[in-house]
Amino acid sequence: QLQASGGGLVQAGGSLRLSCATSGLAFSLYGMGWFSQAPGKEREFVAAISWSGDRTYYSDSVKGRFTISRDSAKNMVYLQLNSLKPEDTAVYYCAAGRGTLYSRVSQYDYWGQGTQVTVSS
């Protein structure tokens, strides 16, 4: 089970930190990812992190602004969102997959319920 939290309303240029709590899975065996879904659009890849946390992968639109990390002791994954833009407004989902650094929705096995991020201009 995955539970995302930390979303909210923030002004453009601001920051948020999203958290994803995991339970019931062997956390160290799963690559983790974050996706976003804006109204009327498909779910899109944002960031992924390897099993060990030593490799990360970002979409071009967030590279340099967002940072994904994981804490294996707490079975948590984080997404630090900096320099937020109105176009970042979406529901953000965390996901777990048996591979690593996956960027496609179909490659992930488990999904959280999503947390809303709204960026005002």
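How many bridges join β3 to β8, and in which direction do the two strands run? Six bridges join them, and the strands run antiparallel; here two strands count as paired if DSSP finds at least two bridges between them, and strands themselves are DSSP runs of E with at least two residues, numbered from the N terminus.

Before going on, a word on the source. What you have in front of you is a predicted model, in which local features need pLDDT of at least 70 and side-chain atom pairs count only at pLDDT 80 or more, whereas totals for chains, interfaces and linings use all residues. Residues are numbered from 1 along each chain as its sequence is written, and side-chain values use heavy atoms, with hydrogens and water left out.

Let me start with the chain as a whole. The protein chain holds eleven strands and zero helices. Its radius of gyration, taken over C-alpha atoms, is 13 Å, close to the 14 Å that the globule rule (2.2 Å times the number of residues to the power 0.38) gives for 121 residues, so the chain is as compact as a globular protein of that length. The C-alpha trace spans about 40 × 30 × 25 Å along its principal axes. Of the 121 residues, 44% count as buried, where buried means under 20% relative accessible area, exposed over 50%, and partly exposed in between, with a 1.4 Å probe and protein chains only. If we take contacts (heavy atoms within 4.5 Å) between residues at least 6 apart in sequence, 58% of them join residues at least 24 apart.

Now to the sheet that contains our opening pair. It is an open sheet of four strands in the order β1-β3-β8-β7, with antiparallel pairing. The edge strands, each pairing on one side only, are β1 (2-5) and β7 (66-71). Neighbouring strands are turned by 15° against each other on average, direction ignored, with axes fitted as lines to C-alpha atoms and angles running from 0 to 180 degrees between N-to-C directions.

Within this sheet, β8 deserves a longer look. Five of its six residues are buried, so β8 is largely enclosed by the rest of the structure. On the β3 side, L18 stands opposite L79. Towards β7, six bridges join that strand to β8 (residues 76-81), again antiparallel; the bridge partner of F66 is L81, and D71 stands opposite M76. The hairpin of β7 and β8 has four residues between the strands, and N75 takes a positive phi near 55° there.

L79 brings us to the packing. A nonpolar core is a set of buried Ala, Val, Leu, Ile, Met, Phe, Trp, Tyr and Cys residues joined through side-chain atoms within 4.5 Å. The largest one has 28 residues, of which W34, L79 and Y92 touch the most other members. Among the strands that supply at least two residues each are β1, β3 (16-22), β8 and β9 (90-97), and β9 gives the most, with four. Leaving aside residues up to four places away in sequence, Y92 touches, among others, L18, W34, F66, L79 and L81. Apart from this core lies another, of five residues, including F45 and Y108.

Finally, a residue outside the strands: A26 sits in the loop between β3 and β4. At 39% relative accessibility, A26 counts as partly exposed. Its C-alpha atom is separated by 9.9 Å from that of R98, although the two residues are 72 apart along the chain.
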